[in-house]
Structures are given as C-alpha cells and as structure tokens.
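Trainee: I am new to this structure and would like a close look at a single part of it, followed outward to whatever surrounds that part. Please take your time and keep the steps connected.

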Amino acid sequence: MLCKDRPICKHAKPRAFVALSLAGKGDTGWDDESYGDVERPILLVTGTADTKDKEPGKDALARAAVYDDLKNADPRYRLFVDSPVATHGFFGFGKNSDMRMRPVVQAAVVSFLDAHLRGDADARAYLESDATVAAGPST
C-alpha cells in the first residue's frame, strides 16, 4: 500500500509527523515505495528490541530502514534507541514500558515538534546536535 493511498499523507493539516515504531517493509502490505510520498518533516523513532512478531517488517531493523524510504521527507530524522528496553511496547509508553529511556525520546519528540510547528531554532539545533547520541544513533 502506498502512503498516497492513505488520506493522512496528503492531508493539508498535518505539518509534521512523529512515527513511533513505524511498520517496516513487508508488514501489512508496506513496500519500498510506501513512504515515498511523505514530503513533510518526520521523526522516526524505533529501537533495538522493537520487534512485534517474527514476520517481515516487524523487527527493529525493518522499522529503522523506513528512514531510507522517506526520500522526499524534508527534513527527516531517525532516533534509534540502542537499548534492550526499547521494545515494541516501549514506544506506546504503556505500563510495561521501561521508564529509563523515556526522557530521551520525549525530548526528541518535543524538540522536533517545537522546531517544525513553532519554528524554534534552538529546538532544531538540538535535533541536529549530538545531544541524543546517548540513546543511540540519531538523524
């Protein structure tokens, strides 16, 4: 399924997207071209143990690889939480998620939204800095 076939991808109102644990290629029909129509700023967040099932597109590497398919997103950021606590449930911040990495993810999400919805230059500088390296590779 292509993103252009989903109304949210071309809707006029969303100015930026935050994707926590986004489906990878092979998951529920998503393929190499599924995310090619996303042209707005996007922050993709996943982590080492972000694996839902043993099926294609549902493991951490497939979720992280979506970043490469977001060729038209401008700008695009990836936060990869390099920690065994970064499970699939972690990104829902549910009762079973580990709290230790939550502040890093929250800081990245708030900075991303401040940068792209409010035009905050300091927030954008934070996103483009090494400030989130403690959580693993970013941008």
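Mentor: Let us start from Asp-37, which is placed in the loop between S1 and strand S2, the latter covering residues 42-47. Please keep in mind throughout that this is a predicted model. Asp-37 has a relative accessible area of 22%, so it counts as partly exposed, since the label "buried" is kept for values under 20%. From Asp-37 we can step across to Asp-69, which is 32 residues away in sequence, while the two C-alpha atoms are 9.6 Å apart in space.

That step brings us to helix H2, the part I suggest we look at closely. Helix H2 runs over residues 60-69 and is mostly covered, with seven of its 10 residues buried. Asp-69 belongs to this buried group, together with Ala-60, Ala-62, Arg-63, Ala-64, Val-66 and Tyr-67. As for what they pack against, the buried residues of H2 meet S2 and strand S3, which spans residues 76-81.

One of these residues, Arg-63, deserves a second look, for it forms a salt bridge with Asp-50, in which the closest N and O atoms are 3.4 Å apart. Asp-50 sits in the loop between S2 and H2 whereas Arg-63 is in helix H2, so the pair ties together parts that are 13 residues apart in sequence. Both partners, Asp-50 as well as Arg-63, are buried.

The count of salt bridges comes to three, and it is worth setting the other pairs beside the one in H2. Asp-114 forms a salt bridge with Arg-118, where 3.3 Å separates the closest N and O atoms. Here the partners fall into separate classes: Asp-114 has a relative accessible area of 18% and is therefore buried, whereas Arg-118, at 68%, is exposed. In the remaining pair, the side chains of Arg-124 and Glu-128 meet at 3.2 Å, N to O. Arg-124 is partly exposed with a relative accessible area of 33%, and Glu-128 is also counted as partly exposed, its relative accessibility being 49%.

We can now return to S1, where the loop of Asp-37 begins, and look at the surface there. Val-18, Leu-20, Leu-113 and Leu-117 make a nonpolar surface patch of about 260 Å². Strand S1, residues 17-20, and helix H3, residues 102-117, each supply at least two residues of this nonpolar patch. Leu-20, for instance, is placed in strand S1, and its relative accessible area of 34% makes it partly exposed; that value also fits the requirement that patch residues have over 30% relative accessible area.

Finally, it helps to set this part within the whole. The protein chain has four helices and three strands, and from the N terminus on its elements run in the order α-β-β-α-β-α-α. Of its 139 residues, 45% count as buried, while the protein chain exposes about 7,500 Å², with carbon and sulfur atoms supplying 52% of that area. The pairing of Asp-37 with Asp-69 was a matter of residues 32 apart in sequence, and in the contacts of the protein chain with a separation of 6 or more, residues 24 or more positions apart account for 67%.

Terms used: Residues numbered from 1 in each chain as written. Predicted model: local features only at pLDDT ≥ 70, side-chain atom pairs only at ≥ 80, totals over all residues. Heavy atoms only, no water. Patch = residues over 30% accessible without salt bridge, like charges linked within 9 Å, V, L, I, M, F, W, Y side chains within 5 Å. Areas by Shrake-Rupley, 256 points an atom, 1.4 Å probe, with all protein chains shown as cover. Salt bridge = Lys/Arg side-chain N within 4 Å of Asp/Glu carboxyl O. Buried < 20%, exposed > 50% of the residue type's maximum accessible area, 1.4 Å probe, protein only. Contact = heavy atoms within 4.5 Å.
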